[in-house]
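Welcome, and thanks for taking a look at this one. Please open the model in your viewer and keep the sequence alongside while you read.

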Amino acid sequence: MIYIGSKTFNSQKSLSKYTKDLIYKNLNVSICPSHELWDFFNNLFNRHYQREWYGDINNIQFVTNIKYYKPIIHCSKGVETISINHCITGNPPTYKEQLNKVMRALIEPEILNYRLDNEECCAYCGSNNELQTDHEIPFSKLRDDFLAVFGSPPKEFYWGENNRLVSGCYIFNNSWKNFHLRNATLQTLCKKCNNKKSNSITQENESPSNC
């Protein structure tokens, strides 16, 4: 059983569904101590494995940028963003999750430049609604191909600005950014087409191979 304030959940799955339903109904809403959801979210954030990051919470917002929501908390130590999944599990990220976050953060400038330089319509259907930047070759494959060539990645990361994981290994950072720049092909897809593509790739990877 999981207890979040006055709420009780049988599993992390049920807690996750309840939490995400609440978030999507309250996007861009300011949740302060007088708000009816304050007790739930304040107690949920207390499960975060690094609760000491942010001190006393004064205000909570879930800001959407179309592709995902970003939990932003205003607290005694400033403004912080945190992972809802880590609040739900109460566990720190695994090494693989940390590495993935670091590698995605390193290519963010390239992704941003692509968005600024390219037309705002879906490459599949031509829609201009809920646009997302997609890797034609999945990010996971590019990541794994790079690691197979590079060898051993950094074993430790540290928290940089805005509580973002970063690598202090200059060679790794620049090698990955250059690899991605040479090998990644980006495209603009609407959310619907991107989901279809992602589901198709997942099904293909999960289907049994032919002998």
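The report below goes from the whole chain to its helix packing and then to its salt bridges.

## The chain as a whole

This is a predicted model, so please read every value here as computed from predicted coordinates. The protein chain contains 8 helices and 9 strands. It has 211 residues, and 37% of them count as buried.

How much of the surface comes from carbon and sulfur atoms? The chain exposes about 12900 Å², with carbon and sulfur supplying 48% of that area. As for the contacts, take those between residues at least 6 apart in sequence: 61% of them join residues at least 24 apart.

## Helix α2 and its partner α1

Helix α2 covers residues 38–45 and is mostly covered, with 6 of its 8 residues buried. Those buried residues are Trp38, Phe40, Phe41, Asn42, Leu44 and Phe45.

Helix α1, residues 12–25, packs with α2 at an angle of about 125 degrees, and the two axes are 12 Å apart. The two helices are therefore oblique to each other, and α1 passes α2 in a left-handed crossing. Which residues meet here? On the α1 side they are Leu15, Tyr18, Thr19, Leu22 and Ile23, and on the α2 side Phe40, Phe41 and Leu44. Phe40, Phe41 and Leu44 also appear among the buried residues of α2. In general, an α-helix has 3.6 residues a turn, so residues three or four places apart point the same way.

## Helices α4 and α7

A second helix pair is formed by α4 (residues 95–106) and α7 (residues 170–183), whose axes come within 9 Å and cross at roughly 60 degrees. That angle makes α4 and α7 oblique to each other, and α4 passes α7 in a right-handed crossing. From α4, the contact uses Leu99, Met103 and Leu106; from α7, it uses Phe172, Asn173, Trp176 and Lys177.

## A buried salt bridge between a strand and a helix

The structure holds 4 salt bridges. One of them joins Asp134 and Lys197, with their closest N and O atoms 2.6 Å apart. What does this pair tie together? Asp134 lies in strand β6 (residues 131–135) and Lys197 in helix α8 (residues 191–206), so the bridge links parts that are 63 residues apart in sequence.

Are the two partners buried or exposed? Asp134 is buried, at a relative accessible area of 9%. Lys197 also counts as buried, at 12% relative accessibility.

## Salt bridges with shorter sequence spans

Asp145 forms a salt bridge with Lys141, and here the closest N and O atoms are 3.1 Å apart. Both residues sit in helix α6 (residues 139–150); they are 4 residues apart, which means a separation of about one helical turn. Asp145 is partly exposed at 31% relative accessibility, and Lys141 is partly exposed at 44%.

Arg143 and Asp144 also meet through their side chains in a salt bridge, at 3.0 Å from N to O. The two partners differ in how covered they are: Arg143 is buried, with a relative accessible area of 13%, whereas Asp144 is partly exposed, with 42%.

Note on methods:
Residues numbered from 1 in each chain as written. Predicted model: local features only at pLDDT ≥ 70, side-chain atom pairs only at ≥ 80, totals over all residues. Heavy atoms only, no water. Buried < 20%, exposed > 50% of the residue type's maximum accessible area, 1.4 Å probe, protein only. Contact = heavy atoms within 4.5 Å. Areas by Shrake-Rupley, 256 points an atom, 1.4 Å probe, with all protein chains shown as cover. Axes fitted to C-alpha atoms, helices over the stretch in contact; angles between N-to-C directions. Parallel < 35°, antiparallel > 145°, perpendicular 65-115°, else oblique. Left-handed = near helix turned anticlockwise from the far one by under 90°.
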